[in-house]
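Work through the following exercises with the sequence and the 3D structure open beside you, and try each task before you read its solution.

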Amino acid sequence: MSIYLVFLFIFFALLCAVIAGFLSKESILNKSIYIFVATLMIAIAGLRAGSVSADYISYRAIFGMSPDTIGVGFLGQWISTIPFVEIGYVYLNSFIKIIGFPFEVLIFLMAFISVTLSALFFWKNSRFGAIALMVYFSHMFLRREMIQIRGGLACAIGLWVFHFWANDHKRWASALMLLALMTHLGFLPAIIPLLLFHFKCKVKVKYVLLTLIVALVIGYNISSHFPLFGQIDRLAQYQESDEQGIPLGIFCNITTIKSIIILFLSCLMINK
């Protein structure tokens, strides 16, 4: 029951932040409440003792199997032990191990980076950063920072990819894009709109429908028995989990439906 009270407290603190957001961004009250809420979210995600899914156990296992070096022998050990995990994330695990810190420090560090990058992005790029932070808390925080923490870190880095790309800092954007992909391959689809923007391609509804058809074909016909597509299967379902190991049909998955709606509306807005 106590954890629910904590989340309820964060929700009301976010409401106060939203109200304070109508003040100037230079307001001490506005900044203080925003920082306070972000700090609470970092504490919740970083200081928890476990997770609400089997992912936490997998992360601990990856930490134990990560190479015990960050030098010349790292690549060889990574290939021989856990090549199915993105090299950037494994390197971070090895770095924490070499320093001598326990697994819990890795969890706190990832939570700190993810929430901090997200909060800073909302504050810098939104007139009402607290509203964006509230949407993030309700739609992303519990899943990305409490369960799929690698994906959450990649998404947080990805936000700044779009920031630097939009401000014509392509080198920084490209470097962060590579870092996000090396953390989690789930960031790969986010590159598509950047490429469309870069090559000035006009997004049409028929292209969206074609993308949907291709996704359906890949999702239902490609098996993870083929080594080349082993990573694709990981994007569709959790492995080694009886509860989450059954993939949902695309029209039964509310997250997929919501994503398709957002994609469709975005295309309409871009073409206007």
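**Exercise 1. The second largest pocket**

Find which helix gives the most residues to the lining of the second largest pocket, and describe that lining.

Solution. Bear in mind from the start that this is a predicted model. Begin with the list of lining residues, which are Lys31, Tyr34, Ile35, Ala38, Thr39, Ile42, Thr116, Ala119, Leu120 and Trp123. The elements that give two or more residues to this lining are α2, which covers residues 28-46, and α6. Of these, α2 gives the most, with six residues. Next, sort the lining by class, which yields seven nonpolar, two polar and one charged residues. Finally, note the volume of the second largest pocket, which is about 190 Å³.

**Exercise 2. Two cavities**

State how many cavities of 30 Å³ or more a search of the whole structure finds, and then compare their linings.

Solution. The search finds two cavities of that size. Take the largest cavity, which holds about 50 Å³ of space. Its lining is made up of Ala17, Gly21, Lys25, Asn30, Tyr34, Trp123, Arg127, Phe128, Gly129 and Ala130, and the elements that give two or more residues to it are α2 and α7, the latter being residues 129-145. By class, the lining of the largest cavity has five nonpolar, three polar and two charged residues.

Now turn to the second largest cavity, with a volume of about 40 Å³. Its lining consists of Ala45, Arg48, Ile107, Met110, Ala111, Ser114, Glu145 and Ile149, and here α6 gives the most, with four residues. The classes in this second lining are five nonpolar, one polar and two charged residues.

**Exercise 3. The nonpolar core**

Identify the residues with the most contacts inside the largest nonpolar core, and follow one of them to its partners.

Solution. The largest nonpolar core has 58 residues, and those with the most contacts inside it are Ile10, Val37, Met41, Leu133, Phe141 and Phe187. Helix α6, residues 103-125, gives the most to this core, with ten residues. Choose leucine 133 from the list and set aside its neighbours within four places in sequence; the contacts that remain are with Leu14, Tyr34, Val37, Met41, Ala119 and Phe122.

**Exercise 4. Buried or exposed?**

Decide for arginine 150, glutamine 148, serine 174 and aspartate 168 whether each is buried, partly exposed or exposed. The step needs two cut-offs: buried is under 20% relative accessible area and exposed is over 50%, with partly exposed in between.

Solution. Arginine 150 is found in helix α8, which spans residues 149-166. Its relative accessible area is 5%, so arginine 150 is buried. Its side chain makes a polar contact with the side chain of glutamate 86, at 2.5 Å.

Glutamine 148 sits in the loop between α7 and α8. Because its relative accessibility is 14%, glutamine 148 also counts as buried. Its side chain makes a polar contact with the side chain of arginine 144, at 2.7 Å.

Serine 174 belongs to helix α9, residues 170-183. With a relative accessible area of 38%, serine 174 is therefore partly exposed. Consider also its distance to phenylalanine 162: the two residues are twelve apart in sequence, and their C-alpha atoms are 9.9 Å apart in space.

Aspartate 168 is placed in the loop between α8 and α9. Its relative accessible area is 56%, so aspartate 168 is exposed. The backbone of aspartate 168 deserves a look as well, since its phi is near 65°, a positive value in a residue other than glycine.

**Exercise 5. The whole chain**

Describe the protein as a whole by its helices and strands, its buried residues and its contacts.

Solution. Count the elements first: the protein has 13 helices and zero strands. Then consider burial, where buried residues make up 33% of the 272 residues. Last, look at the contacts between residues at least 6 apart in sequence, of which 66% join residues at least 24 apart.

Methods
Residues are numbered from 1 along each chain as its sequence is written. This is a predicted model: local features need pLDDT of at least 70, side-chain atom pairs count only at pLDDT 80 or more; totals for chains, interfaces and linings use all residues. Side-chain values use heavy atoms; hydrogens and water are left out. A nonpolar core is a set of buried Ala, Val, Leu, Ile, Met, Phe, Trp, Tyr and Cys residues joined through side-chain atoms within 4.5 Å. Buried means under 20% relative accessible area, exposed over 50%, partly exposed in between (1.4 Å probe, protein chains only). Contact means heavy atoms within 4.5 Å. A polar contact is a pair of N or O atoms within 3.5 Å; within protein, one must be able to donate a hydrogen and the other to accept it, and residues adjacent in sequence count only if both atoms are side-chain atoms. On a 1 Å grid over the protein atoms alone, a cavity is a set of points where a 1.4 Å probe fits but cannot get out, and a pocket is an open set with protein on both sides within 12 Å along at least five of seven lines; lining residues have an atom within 4 Å of a point. Grid points are joined across faces, edges and corners, and a volume is the space filled by probe spheres set on the points. Ala, Val, Leu, Ile, Met, Phe, Trp, Tyr, Cys and Pro count as nonpolar, Asp, Glu, Lys and Arg as charged, and the others, Gly among them, as polar.
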